Amino acid sequence: MINKELPLLMDQSKKGRKAINVPKYGVPKAELPHSKFLRKGIQLPEVAQLDLIRYFTNLSSLNYSIDTNFYPLGSCTMKYNPKINEQISGISGFSSSHPNQIDENVQGNLEIMYDLQNELGEITGLPAVSLAPLAGAQGEYAGLLIAREYHKQCKQDHKNVALIPDSAHGTNPASASMAGLEAVTIKTTKEGDIDLDDLKDKANENIAVLMLTLPSTLGLFEPNILEITKIVHDNGGLVYADGANLNALLGVTKFGELGIDICHSNLHKTFSTPHGGGGPGSGPVMVAKFLEKYLPYPHIKKEGRKFKQYKPKSSIGRLNGFYGSFGIILRAYVYIRSLGEGGLREISENAIINANYIQERLKAYYELTSSRRCMHETVLSASRQKKDGVKAIDIAKKLLDEGFHAPTMYFPLIIEEALMIEPTESESKETMDKFIESMIKISELSKSNPKEIIEAPINLPVERLDEAQAARNPVLAWKKQ
Amino acid sequence: MSDVPNNLKYSKDHEWVQINDNVATVGITLHAAESLGDIVYVDVNSMDKELKQFDKFGEIESVKAVSDLYVPLSGKVIDINETLLNNPEFVNEDCYEKGWIIKLEISNKNDLDQLLDPEEYKKII
Amino acid sequence: MKNSPYIPSTDTDKKEMLSIIGASSFKELLSDVPEKKLFPSLNLKEALSEQELVEFFELLANNNLASKSFSSFMGGGAYNHYIPSTVKSMIQRGEFLTSYTPYQPEASQGTLQAGFEFQSMVAQLFDMEVCNAGMYDGPTALAEAALMACRIKRNNSIVVHQSISEKSLEVIKSYSKWQNIKLINYKDINQNDSSEYGCLLVQSPNQFGEIEDVEKLSNEIHNKNGLIVQHTYPVSLGLLKPPGQLNVDISTAEGQPLGVPVSFGGPFIGILTCKKEYIRQLPGRIIGQTVDKNNKISYALTLQTREQHIRRESATSNICTSTQLIGLMVAVYLATMGPEGIKSVAEICYHRAHFLASELNKTNNFKLLSSNFFNEFIMKSKAKPFEINELLLKNNIEGGIDVSKNNENRIMFAVTELNSPETLNKTIELLGGNFD
């Protein structure tokens with residue numbers, strides 16, 4: 001990583017410089033609109049092309065990325081993003097394809113969407129699939145809208161409660177709130193399993209939906225899953241599974257066979273599409289057959305040999321301007337076609353073995369949150385290190401110095417000083433061993449020289465930032481100095 | 001300044017109250033300020049509002065968390081500490097004095113019975 | 001398929017790890033999964049090698065019209081603009097492409113500073129004080145902006161002007177359905193009574209390409225104690241007065257025209273800008289400038305307490321992953337084009353569109369219905385839009401959108417800098433004559 005000052009473009013700007021030429025009008029000039037509609041002057045940086053390229057290239061080198069570093073970020077599934085996916089999505093027949101075209105002229109795209117709908121349906125056991133949601137949170141929201149619409153059509157309008165475990169990801173209660181549902185918290189055991197007594201207590205005729213993450217946010221599979229889904233169904237509710245952790249379940253088990261009615265999946269997690277520094281993503285929603293008519297539109301069907309878009313009978317509506325994040329959908333489909341059944345089964349097998357390997361080798365140094373086998377991720381607690389004054393955030397920052405991106409910290413909320421580690425199947429034993437050695441070194445340092453951890457990172461272009469100032473006096477755009 | 005001054009009363013939600021005749025000054029305790037971390041914003045828009053004891057009167061934000069604020073006594077909000085708008089860090093620097101948040105005109109002195117003495121408060125933190 | 005190129009572990013590696021774990025097989029690690037639900041069948045399509053993938057997908061791409069056409073008149077919310085080589089080269093960098101959301105700012109200054117540039121340049125283009133790091137797309141940004149205005153004004157009524165596109169309105173309905181929001185038609189508002197509203201939504205240029213009098217509408221809704229939200233077309237801001245100069249409180253747009261391929265509708269980016277006084281109600285991520293321990297200027301996600309991972313059910317939105325990489329494309333685009341380029345592209349779009357419209361209007365086959373438009377216009381046509389488009393396609397030109405109504409043939413064309421004068425002349429020649 002380089003370590004130089006990179007002033008903002010407006011600070012490098014010089015009048016008269018430009019980075020591109022544009023064509024002439026080539027046609028007679030028309031009369032412009034009335035001057036009250038016209039802009040007088042526009043301010044944007046003026047830089048030459050080399051300086052522009054140098055600037056952004058240098059900026060890129062300030063980043064950690066999967067292509068450069070190991071990212072053991074729990075719940076994010078930072079697996080390798082295959083280059084062939086990028087190459088194929090760049091084919092001009094796809095990238096220049098206009099979304100307002102009539103179906104006849106975009107059969108290639110519709111076939112891809114139809115096939116991915118089916119593949120995802122088969123993988124999750126929930127056969128009715130919509131590729132419309134633009135991210136996991138939107139898929140989740142769609143799932144809740146489907147549940148609400150279902151209950152409304154069954155004349156069960158009083159069902160307005162979402163049961164959410166206290167270990168859930170923040171999007172769960174946020175989505176519930178957007179869907180007008182009251183979020184009621186369900187207790188979990190200290191291993192993150194649903195507390196069955198609390199569930200039985202709170203499950204009543206007002207339950208619209210139970211929102212579960214499976215495996216849980218502690219990386220463990222819910223052993224009572226069949227009983228849990230039965231309790232909810234007996235009360236007339238539906239079960240929604242947050243599929244963020246689907247990387248543990250490919251070929252291992254199917255949501256649809258466990259009593260789950262609705263789920264979503266993150267193509268930018270399980271299905272290898274690149275994170276891009278925070279998106280774009282895609283969060284398809286999958287439902288049981290009886291809920292198919294509620295899916296968002298447009299949905300894709302096949303009639304004879306033609307593929308068509310249509311609006312399901314009782315659709316919850318439109319979630320975005322067009323079909324969904326097609327470029328991401330395409331990448332995920334390329335990935336699935338490159339693997340097939342065997343390749344997908346291999347993913348979960350290796351993801352789970354890798355996570356257990358790390359858990360086993362670190363358990364002498366960090367507090368485990370459970371003695372059980374984990375699935376694709378393990379949650380450790382830095383509670384031992386906290387006694388020496390070293391917190392999870394300090395460990396995370398020290399790991400950055402060691403060349404690893406930090407694991408997920410402080411999530412789930414129910415674990416003290418949580419560090420959630422998900423290696424994924426992409427990592428070699430050698431990489432994992434280096435990571436394990438660094439974690440052991442940090443654990444020992446926390447006793448011998450905690451100061452070194454608390455002052456980390458020192459090897460990166462910037463050290464710890466004053467985030468309080470950023471929030472107290474927000475500077476959110478370039479300003480002339 | 002001690003962690004839990006002796007001349008104040010406390011609520012279970014970690015607010016402190018100082019009584020002067022009919023006026024109560026309210027803020028958050030050192031324990032609360034420390035758990036929240038660096039305060040970045042104090043949001044109170046209950047001026048002139050009549051509130052019941054333990055009603056929410058605002059929110060206090062740090063970099064990584066946000067907490068609701070509850071009135072420890074019933075009353076009308078008659079003053080808000082405007083200096084916190086530009087200097088939210090006063091809450092971290094001096095939560096019992098310059099970090100005060102609102103002043104209330106007390107409407108029911110019996111509410112004081114629901115509050116904790118310094119010794120009782122020390123027990124819960 | 002054994003030995004996937006995406007999985008480094010060999011059988012030996014796995015055996016070694018299993019033995020350290022203390023399990024004799026993978027299945028032993030799955031004791032929490034109900035036995036009868038373990039290892040279900042997976043009936044998926046057969047796997048293809050990398051080169052077979054290329055062949056397979058090239059064939060599919062050929063089933064799209066886009067692989068045959070070189071010029072397009074299609075608009076309606078997604079527009080074909082020229083994407084500079086600088087944009088394409090920057091997003092291929094793995095350091096940008098495969099990096100994570102910048103929650104660890106020390107390891108993400110690239111993403112953060114590039115995102116800050118996006119916020120800054122878009123704010124300049126819109127002449128608004130604050131721009132967030134990006135939403136999912138234009139329509140969802142508009143929906144979130146409407147909800148934001150309602151929160152700020154503590155008034156759940158949204159007035160919808162007729163300029164708002166059908167699609168955006170449908171998305172707004174999906175987002176507001178269960179939140180006690182009232183949607184009111186602008187035409188049903190009495191300007192002279194004392195009723196108050198949360199906000200007025202206006203789109204300019206509107207769904208048919210025409211320019212609205214936003215300033216007038218802004219005054220109207222301010223008189224009713226509501227905020228004005230203008231949804232706009234960012235390329236037009238090179239020529240037209242930006243929202244910040246029209247007394248607009250919140251402005252949104254689909255950012256795709258700024259250097260992002262049409263890509264069958266996504267991934268796109270929603271632009272959301274507002275006045276500084278509203279930042280605490282702004283959904284989505286925001287990047288702020290600060291300093292590090294050594295007083296070095298650096299960037300971090302800020303005001304995170306608005307977001308789902310902290311505020312949970314009281315969050316301003318449930319948005320988590322959005323569209324950071326697309327924001328990078330827009331930032332590189334704006335920096336490449338610069339003020340002169342943005343102005344020129346807007347003018348080219350305007351003049352070429354007006355040229356095509358006026359020339360077609362001169363023929364017997366068309367009558368121009370739009371007035372005061374930017375680069376998109378509607379024509380009444382003798383022939384059906386389907387026939388017009390078929391004729392154009394024979395010449396490898398992608399036609400316009402069928403917007404026929406009331407038994408009248410209507411077609412909507414969008415003209416950009418990618419429609420060369422030669423193509424325009426060819427189009428006029430083809431469509432000016434007889435169709436049979």
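Start with chain C and colour its two domains: domain 1 covers 67–82 + 338–432 and domain 2 covers 86–334, with bounds that come from an automatic or database domain assignment. This is a predicted model, in which local features need pLDDT of at least 70, side-chain atom pairs count only at pLDDT 80 or more, and totals for chains, interfaces and linings use all residues. Residues are numbered from 1 along each chain as its sequence is written, while chains are lettered from A and ligands numbered from 1 in the order in which they are written.

**Chain C, between the domains**

The C-alpha centres of domain 1 and domain 2 of chain C are 29 Å apart. Where they touch, domain 1 of chain C contributes 22 residues and domain 2 of chain C contributes 19 residues; two residues are in contact if their C-beta atoms, placed from the backbone, lie within 7 Å. Next select helix H10 (324–362) and strand E12 (376–381) of chain C, each of which supplies at least two residues of the domain 1 side. Helices (H or I, at least four residues) and strands (E, at least two) are DSSP runs, numbered from the N terminus. H10(C) gives the most to that side, with seven residues. By class, the domain 1 side holds 12 nonpolar, seven polar and three charged residues. Here Ala, Val, Leu, Ile, Met, Phe, Trp, Tyr, Cys and Pro count as nonpolar, Asp, Glu, Lys and Arg as charged, and the others, Gly among them, as polar.

**Chain C as a whole**

Zoom out to the whole of chain C, which has 12 helices and 15 strands. Its C-alpha atoms fill a box of roughly 80 × 60 × 50 Å along the principal axes. Of the 436 residues in chain C, 59% are buried. A residue is buried if 20 or more other C-beta atoms lie within 10 Å of its own, exposed if 12 or fewer, and partly exposed in between, with C-beta atoms placed from the backbone. Among contacts in chain C between residues at least 6 apart in sequence, 73% join residues at least 24 apart.

**From chain C to chain A**

Now show chains A and C together: their contact takes 167 residues from chain A and 164 residues from chain C. Select helix H10 (residues 326–362) of chain A, which gives the most to the chain A side, with 22 residues. That side of chain A divides into 86 nonpolar, 53 polar and 28 charged residues.

**Domains of chain A**

Hide chain C and colour chain A by domain: domain 1 (9–60), domain 2 (84–339) and domain 3 (348–454). The C-alpha centres of domain 2 and domain 3 of chain A lie 30 Å apart. In the contact between them, 18 residues of domain 2 of chain A meet 17 residues of domain 3 of chain A.

**Strand E4 of chain A**

Select residues 207–213 of chain A, strand E4: seven of its seven residues are buried, so the strand is largely enclosed by the rest of the structure. Add strand E2 (residues 161–165) of chain A, which runs parallel to E4(A) and is joined to it by three bridges. Then add strand E5 (residues 238–243) of chain A, which pairs with E4(A) in the parallel sense over five bridges. Two strands pair if DSSP finds at least two bridges between them.

Click on A:Val209 in E4(A): A:Ala162 stands opposite, and in E5(A) the bridge partner of A:Val209 is A:Leu238.

**Last stop: chain B**

Finally, show chain B beside chain A, where four residues of chain B are in contact with four residues of chain A. The chain B side has three nonpolar residues, no polar ones and one charged.
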